[in-house]
Amino acid sequence: MSSIRKITILLIISISLILFFLGSSVYYFLSNYSYADFYKRLEARVSVAEKRHFESNKRYAQVLKSIREEHLELLSDEKEYILYCPNAASIKQLAETNSLPINLLNVAYAQQSANFQKDDVFYFGKKRETPKGFYFVIVSAKNYYNTHHLILLRKVLVVGGLISILLIIYLTHLFSKRFFDPIDNIISKVNSISTDNIHLRLDDIKNTEEIKRLTTTFNNLLNRIEIAFETNKNFISNASHEFGTPLTAIIGEADVTLLKDRTLEEYKEALQKILKQSERLNKISQSLLFLAQIGYKENKFNYNIIRTDELILQANEIMNQLIPKNNIKIDFELLPENPKKLKVMGNKDLLMLAITNIMTNACKYSSNKPVIVSLASTNNEIVLIIKDQGIGIPESELPFIFDPFFRASNTAAYDGYGIGLPLTQNIIKIHKGELIINSVLHKGVTVLVKLPMATF
Amino acid sequence: MEKKILIPIDFRIESLNTLKYALEERRNKKSNIILMYSEYISDSITELLFYDPAKKIKELASSDINDAIAIINNTHESSLHTIKIELFNGLNKNAFLNFYEAHGIDIIYLPRDYRLKPLKNGFDPIPIIKKSKVAYREVTWSNDHSTSSKNELNQLFK
């Protein structure tokens, strides 16, 4: 069942119930009140009749009669009885002769006054005792109000209720349609977005906050998907480029060499070149494999407690072997006094790889200008800062530096194939750390590695 | 003997260099540090009613500056006894002298070349401090990051 129909039905049922209870309570209380009120009116007439009939002063009786005629309106089918009853035994006969309900007289006899209803005729009776015996003063009338006004009220309530239910059906349908139309639009728009037109976005809707939030959420999601798509595309083109270059070199070299007979020296030289390119290819595919492995082998590495200051010193020794001309300066000025605050939980080989990677980059892209490495610790993190004075990274390319095979546009003069940084990023990520790269073009790059402190 | 040291800050990492230099100068002497941030107090009654300095400091301090304070704290753990941030709301010399006495300050360290750049509603208390004729020391540090091999604090986060 669609939400529109669900909401409509729920609203109709609940509102009809409310209307029904409201209508019936109005009807019930009004009709109750009208009965009580009618008996009061009859009682007033009875007491006037009684006074008038038993008043000894004739003038006073006359005045009462005129007041009665002038001020008390005649009810429909109003009848007045003043019956003499010599004793209790004759009540039955009295009732029969005047066609009055016997119960009325019995109750009036026992309790001085009584009211009674027979069909739509209402009675009020009163017993008056005199020295000669007793009298019944009775007034009966039809309740015109009850019979006519209440029926009208009933009709009004029923018809009004039905009309308002119809109105509610119409309005709920209208409103829910108004509410759900934008959602339908969003659905059809989102459905129309596919891999070919991933750049499309949903239109901004201004009037409804919730719908606006929904569209913004969708648009943000689409942005992320588009970036992922873009990354994927970049990866493929970069990867095929990286693999293609050495392959082209190998093929070209082999082709040229095979054109005619060569001397032994020339063959050796050609094979040397081919070997060099093949080694490069091998290195790329191995590092790519390693990058992929780190991604899914997360839990299979051995973790130990490592002191980061030792790690940096060892990394520095490795750097001295790799790049003997390096100009790395280690600054331990911010080192915490407490050595416990230098320990991290991690895999030493991986962290070493990550740090030497960053250091190699710093030396490589600054052509061995000074690189400052410092270490500090906050209350729960160890911060490693590696600052170089190299070529920097163009700001527009910063979002892509962690993509495999991506190389910034100003790195053409430097050897490399764009796997080091993504690898480092993955290593830091599996250590639950953070890798932050700040760069000023032509001034240098500052790499911040934040690793969570080991807890004992 | 433990001394209470006051250092005006502007909640920027640069201003913590004063602290770093003060601590280096006082190496092996116990210190209690008060970092003072100066701010005009609001004149709205409702704001004053709910005024809470601790909450205010929490709002003003970025996570970077908290990290930087933690780093300095770790670096000088043995000589640094306590370190806390206080708000100063006074406008003149007398108000500052009150603050000075209330906290039992022994020495004030001021940056010589660095000018505090206070955040919104804040102000630079250094002129008031200098006018108050209390003992202060000015420290200086090089602002040229590229030539100095010494690592200024602000470089950590830049």
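Q: In which loop of chain B does Phe11(B) lie?
A: This is a predicted model, in which local features need pLDDT of at least 70, side-chain atom pairs count only at pLDDT 80 or more, and totals for chains, interfaces and linings use all residues. Residues are numbered from 1 along each chain as its sequence is written, while chains are lettered from A and ligands numbered from 1 in the order in which they are written. Helices (H or I, at least four residues) and strands (E, at least two) are DSSP runs, numbered from the N terminus. On that numbering, Phe11(B) lies in the loop between strand S1 (3-8) and helix H1 (16-25) of chain B.

Q: Is Phe11(B) buried or exposed?
A: A residue is buried if 20 or more other C-beta atoms, placed from the backbone, lie within 10 Å of its own, exposed if 12 or fewer, and partly exposed in between. Phe11(B), whose phi is positive and near 60°, has 20 C-beta neighbours inside 10 Å, so this residue counts as buried.

Q: What is the phi of His442(A) in the turn of the hairpin?
A: S10 (434-440) and S11 (444-452) of chain A flank the loop that holds His442(A). Strands pair if DSSP finds at least two bridges between them; S10(A) and S11(A) run antiparallel and are joined by seven, one of these strand partnerships being Ser439(A) with Val445(A). His442(A) counts as exposed because it has 11 C-beta neighbours inside 10 Å. Three residues separate the two strands of the hairpin, and His442(A) in the turn has a positive phi of about 70°.

Q: Which helix gives the most to the largest nonpolar core?
A: A nonpolar core is a set of buried Ala, Val, Leu, Ile, Met, Phe, Trp, Tyr and Cys residues joined through C-beta atoms within 7 Å. The largest has 73 residues, and those with the most contacts inside it include Ile355(A), Met359(A), Ile7(B) and Leu35(B). With nine residues, the element of chain A that gives the most to this core is helix H9 (residues 348-365).

Q: Which helix supplies the largest share of the side of chain B that touches chain A?
A: Residues are in contact if their C-beta atoms, placed from the backbone, lie within 7 Å. By that criterion 15 residues of chain B are in contact with 21 residues of chain A. Helix H4 (63-75) and helix H7 (153-156) of chain B each supply at least two residues of this side of chain B. The largest share, five residues, comes from H4(B).

Note on methods. Two residues are in contact if their C-beta atoms, placed from the backbone, lie within 7 Å.
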